[in-house]
Amino acid sequence: MLTAEKRYGLRPEEVSFYHENGYLHLPGVLTPEEAAYLREEAHALIRRLAEAHGGEHAVQAQWGSARLITDLPTTLMHCHNVQFHSAAFTRLICHPRLTDRIADLIGPNIQLHHTKLFIKPPERGAPFPLHQDYPYFPHEKHTMLAAIFFFDDAPPEKGCLCVVPGSHKLGPLPHDPEGGWHLPVEQYPLEMAIPVPARAGDVVVFNYLTIHGSGVNRTNEARTTLLVQMRDPTDHPTVPTHLSRGQGMMLRGFDPEADAGPHTDSASRYLSVLTTSQQEAKP
Ligand SMILES: O=C(O)CCC(=O)C(=O)O
């Protein structure tokens with residue numbers, strides 16, 4: 001049914017937990033059947049991309065800095081902005097089960113920044129050193145957050161997400177840009193973060209200032225996730241970076257600045273910035 005009526009809110013204690021800790025684990029946002037369907041869509045998309053681009057190497061990406069935390073020859077399959085590849089993901093990112101909950105954290109208007117599908121393959125799924133997302137796409141008001149959908153179980157041994165609770169309160173920290181923006185690993189080892197194990201169908205939300213990362217997938221099953229990065233539309237980027245197709249799409253509510261005249265709607269705003277900047281994407 002098409003309605004703006006709010007159907008899925010967060011409990012007040014969940015909202016307080018997010019503001020206190022900088023992250024929130026939401027179990028069972030999807031049913032196991034829905035998660036299995038989206039898992040299959042995700043793997044089918046990666047197979048199609050690999051076929052179209054001459055092999056698996058075309059969809060492989062991992063941060064160079066992954067080697068700072070493991071000697072294993074790890075890898076990662078990825079695709080940005082999956083909503084341009086499969087309508088299943090478009091329906092997912094606009095679904096009130098996601099957006100009504102995010103509205104309780106950043107306000108009624110929710111704008112897409114980008115989406116990112118990751119498959120950490122069995123036995124060699126690449127880790128992410130601890131980092132904040134802030135250096136990749138700094139914004140004025142720090143409303144930016146990520147919601148990770150888990151399409152299969154992610155226990156610690158599969159390289160689940162790890163977070164440092166409360167670290168969003170530290171503000172932006174100096175990062176090393178080498179091999180993907182990351183915090184110095186000696187000062188910020190992955191072990192200082194707590195694992196957030198998740199089940200298929202769960203969502204974990206975290207602010208872009210929250211220190212997070214993840215370990216190697218050492219199991220015999222892939223870890224399949226979709227990360228949806230979102231912001232309040234009046235929270236503007238301070239640097240014209242990490243711009244991508246689809247950025248500015250409204251997932252909930254409206255963009256109060258979009259109707260004010262030429263070049264103020266979100267598409268023109270970002271396109272004009274695009275022409276003067278290099279497009280940089282975060283793998
Ligand atoms: O998917 C993960 O394990 C972590 C991803 C991540 O840290 C990121 O994309 O910023």
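Where is the place of histidine 242 in the chain? I will start there: histidine 242 sits in the loop between β10 and β11, the latter being residues 250–252. What I am showing you is a predicted model, so please keep in mind that everything I say today describes a prediction. Histidine 242 has a positive phi of about 55°, although it is not a glycine. It is also buried, because 20 other C-beta atoms lie within 10 Å of its own, and 20 or more is what we ask for before we use that word.

Let me step back to the whole chain. Its secondary structure comes to five helices and eleven strands. A compact globule with 283 residues would have a radius of gyration near 19 Å, and the chain has 18 Å, which agrees with that expectation. Along its principal axes, the C-alpha trace spans about 55 × 45 × 40 Å. Of the 283 residues, 44% count as buried. If we take the contacts with a separation of 6 or more, then 85% of them are accounted for by residues that are 24 or more positions apart.

Now to the ligand. Which residues are around the ligand? They are Phe118, Phe128, Asp133, Leu161, His212, Gly213, Ser214, Thr225 and Leu227. Sorted by character, the shell divides into four nonpolar residues, four polar ones and one charged. Two strands, β9 (212–214) and β10 (223–231), each supply at least two residues of this shell, and it is β9 that gives the most, with three residues.

Since β9 has come up, let us look at the sheet that holds this strand. It is an open sheet of four strands in the order β4-β9-β6-β7, and the pairing is antiparallel. The edge strands are β4 (128–131) and β7 (194–196), each of which pairs on one side only. From one strand to the next, the twist averages 30°. Inside the sheet, strand β6, which covers residues 161–163, is joined to β9 by three bridges, and the two run antiparallel. To give you one particular pair to find on the screen, the bridge partner of valine 163 in β9 is histidine 212, and histidine 212 is one of the residues around the ligand that I listed a moment ago.

The other strand I mentioned, β10, contains glutamine 229. Is glutamine 229 buried or exposed? Glutamine 229 is buried, because its C-beta atom has 21 others within 10 Å, where 20 or more are required. Leaving aside the neighbours within four places in sequence, glutamine 229 is in contact with His113, His114, Met144 and Ala146. Glutamine 229 and isoleucine 93 are 136 residues apart in sequence, and yet their C-alpha atoms are 9.9 Å apart in space.

A second pair invites the same kind of look. Threonine 31 is found in the loop between β1 (23–26) and α2 (32–52). Threonine 31 is exposed, because only 11 other C-beta atoms lie within 10 Å, and 12 or fewer is the cut-off for that class. The C-alpha atoms of threonine 31 and aspartate 202 are separated by 8.8 Å, while the two residues are 171 residues apart along the chain.

For leucine 170, which is in the loop between β6 and β7, please look at phenylalanine 149 as well: these two are 21 residues apart along the chain, and their C-alpha atoms are separated by 26 Å. Leucine 170 counts as partly exposed, because its 13 C-beta neighbours within 10 Å fall between the two cut-offs of 12 and 20.

Glutamate 123 belongs to the loop between β3 (110–120) and β4. Its phi is near 65°, a positive value in a residue other than glycine. With 14 C-beta neighbours inside 10 Å, glutamate 123 also counts as partly exposed.

Finally, a helix. In α4, which covers residues 96–106, the buried residues are Leu98, Thr99, Arg101, Ile102, Ala103, Leu105 and Ile106. The helix is followed by glycine 107, whose phi is positive, near 110°.

How values were computed: Residues numbered from 1 in each chain as written. Predicted model: local features only at pLDDT ≥ 70, side-chain atom pairs only at ≥ 80, totals over all residues. Rg over C-alpha atoms; globule rule 2.2 N^0.38 Å. Contact = placed C-beta atoms within 7 Å. Near = placed C-beta within 6 Å. Nonpolar A, V, L, I, M, F, W, Y, C, P; charged D, E, K, R; others polar. Pairing = 2+ DSSP bridges. Axes fitted to C-alpha atoms, helices over the stretch in contact; angles between N-to-C directions.
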